[in-house]
Amino acid sequence: MSFNNTRHHATKIRFNDEEEEEESSNLDDSIVATEKSIAIDDVSMQDPDVSFVDGCDDDKTSADYYFDSYSHFGIHEEMLKDVVRTKTYQNVIYQNKFLFKDKVVLDVGAGTGILSLFCAKAGAAHVYAVECSHMANMAKEIVESNGYSNVITVLKGKIEEIELPVAKVDIIISEWMGYFLLFENMLNSVLYTRDKWLVNDGIVLPDKTSLYLTAIEDAEYKEDKIEFWNNVYGFDMTCIKKQAMGEPLVDTVDQNQIVTNCQKLKTMDISKMVSGDTSFTAPFKLVAERDDFIHALVAYFDVSFTKCHKLTGFSTGPRSRATHWKQTVLYLEDVLTICQGEALSGSMTVAPNKKNPRDIDIMIKYSLNGRRCVASRTQHYKMR
């Protein structure tokens with residue numbers, strides 16, 4: 001993963017699969033109620049042994065470095081220790097066994113195989129765990145060590161290139177979300193899998209995601225990360241400042257920094273959307289809740305599992321329990337002085353980078369016509 005700048009050191013958490021199942025969702029009641037409304041409005045014979053098929057080419061291209069990064073156990077350790085993430089998936093599976101009983105499941109981007117193990121334990125007839133990185137070797141050993149070789153088949157390769165031993169699957173499960181929701185563009189692999197392998201009445205888990213935007217006061221950290229380049233030991237390095245400004249920062253934001261309301265930019269229905277829907281332009285109107293300065297916009301996302309007996313999900317927002325996704329901070333060139341009730345208006349355009357579709361190009365247009373500040377600007381960012 002590409003971003004290491006943090007305000008706070010992560011707390012180490014011990015995670016035990018055998019712990020008593022607990023409510024892991026960090027969604028506020030208001031968010032759950034909103035997602036329920038969205039759900040209503042948007043309505044919409046297996047191999048006995050573990051096989052190991054190597055579908056990856058050893059001759060790496062630049063795009064393959066994405067998969068190579070997931071060969072290192074440290075990334076998987078961070079994700080597994082993200083209790084909000086992992087326990088939510090565990091609860092979705094264990095508390096909704098009626099969805100998995102005697103069903104064929106496809107786990108896209110299986111990593112260590114933890115989701116596959118959850119599904120097997122919940123009574124799935126068979127689970128196909130697809131992982132392109134070398135972590136697939138470890139996943140195979142983990143499956144064998146835990147006695148699920150008769151239920152889980154590990155397939156090494158890119159989901160777009162492998163062939164499954166079955167014609168269709170009943171369930172597709174994946175933890176595909178990246179920073180800013182769409183960074184790394186794994187969602188397109190899930191959509192490809194859905195179109196090729198999922199039965200007509202099959203389900204995708206999770207099936208709904210929403211991207212949100214808010215604005216924060218962040219003078220101290222902006223000074224440290226951006227203004228630093230104005231004078232470096234007496235030398236002008238502002239050429240780097242421009243580049244630093246254009247690279248979104250993945251970091252943990254204190255909820256007390258939030259100046260405006262939080263607005264939903266985009267909701268994606270994974271069961272219905274097409275790959276082109278990952279490119280979009282969404283308007284926003286952020287209304288100040290107090291007199292303050294605005295130094296940056298902050299994006300985060302929610303994830304929902306609407307097919308469960310009880311709506312389940314989690315948020316990566318600054319008012320929710322922290323996750324490894326943190327939030328995405330986009331610094332503004334202007335320091336905006338905003339008064340309570342005034343609105344920062346504009347639009348955000350998001351699209352995969354044309355040269356490397358795993359990167360994201362973001363364009364923000366914003367304007368403020370307030371009593372103490374008038375500003376209008378277009379800024380471009382690139383997540384890479």
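A residue counts as buried when its relative accessible area is under 20%. The legends below describe close-up views of a predicted model.

**View 1. Cysteine residues of the predicted model, in which zero disulfides are found.** Cys373, with a relative accessible area of 11%, is buried because this value is under 20%. The closest cysteine sulfur to that of Cys373 belongs to Cys339 and lies 9.3 Å away, which is too far for a bond; a disulfide requires the two sulfur atoms to be within 2.5 Å. Cys308 is also classed as buried, at 9% relative accessibility. In general terms, a disulfide is a covalent bond between the sulfur atoms of two cysteines.

**View 2. The open sheet of four strands, ordered β10-β14-β15-β16.** Pairing within this sheet is antiparallel. The edges are occupied by β10 (280-287) and β16 (374-383); each has a single partner strand, so one side of each is left without a neighbour in the sheet. From one strand to the next, the twist averages 15°. Strand β14 (residues 343-352) is joined to strand β15 (residues 360-369) over eight bridges in the antiparallel sense. Within the β14 and β15 pairing, Pro352 is located opposite Ile360 of β15. As a rule, the strands of a sheet pair through backbone hydrogen bonds, either parallel or antiparallel.

**View 3. The cis peptide bond between Leu205 and Pro206.** Omega for this bond is near -5°. Pro206 belongs to the loop that connects β6 (198-205) with β7 (208-216). Most peptide bonds are trans, and most residues other than glycine have a negative phi.

**View 4. Positive phi at Phe180 and at Tyr233.** Phe180 is not a glycine, yet its phi is positive, about 55°. This residue is placed in the loop between β5 (169-174) and α8 (187-197), and at 2% relative accessibility Phe180 is buried. Tyr233, likewise not a glycine, has a positive phi of about 55°. The loop that holds Tyr233 runs between α9 (219-225) and α10 (238-245). With a relative accessible area of 77%, Tyr233 is exposed.

**View 5. Helix α6 (residues 114-121) and its residue Ser116.** Seven of the eight residues of α6 are buried, so the helix is largely enclosed by the rest of the structure. The buried residues are Ile114, Leu115, Ser116, Leu117, Phe118, Cys119 and Ala120. Ser116 has a relative accessible area of 0%. Neighbours within four places in sequence being set aside, Ser116 makes contact with Asp107, Ala110, Val127, Ala129 and Ile152. Gly123, which follows α6, has a positive phi near 105°.

**View 6. The surroundings of Phe305 in strand β11 (residues 292-305).** Phe305 is buried, its relative accessible area being 0%. Although Phe305 and Val92 are 213 residues apart along the chain, their C-alpha atoms are separated by 7.6 Å. When residues up to four places away in sequence are not counted, Phe305 touches Thr88, Tyr89, Val92, Leu205, Pro206, Asp207, Leu311, Thr312 and Gly313. Two of these partners, Leu205 and Pro206, are the residues joined by the cis peptide bond of View 3.

Note on methods. Residues are numbered from 1 along each chain as its sequence is written. This is a predicted model: local features need pLDDT of at least 70, side-chain atom pairs count only at pLDDT 80 or more; totals for chains, interfaces and linings use all residues. Side-chain values use heavy atoms; hydrogens and water are left out. Buried means under 20% relative accessible area, exposed over 50%, partly exposed in between (1.4 Å probe, protein chains only). Two strands pair if DSSP finds at least two bridges between them. Helices (H or I, at least four residues) and strands (E, at least two) are DSSP runs, numbered from the N terminus. Axes are lines fitted to C-alpha atoms, for helices over the stretch in contact, and angles run from 0 to 180 degrees between N-to-C directions. Contact means heavy atoms within 4.5 Å.
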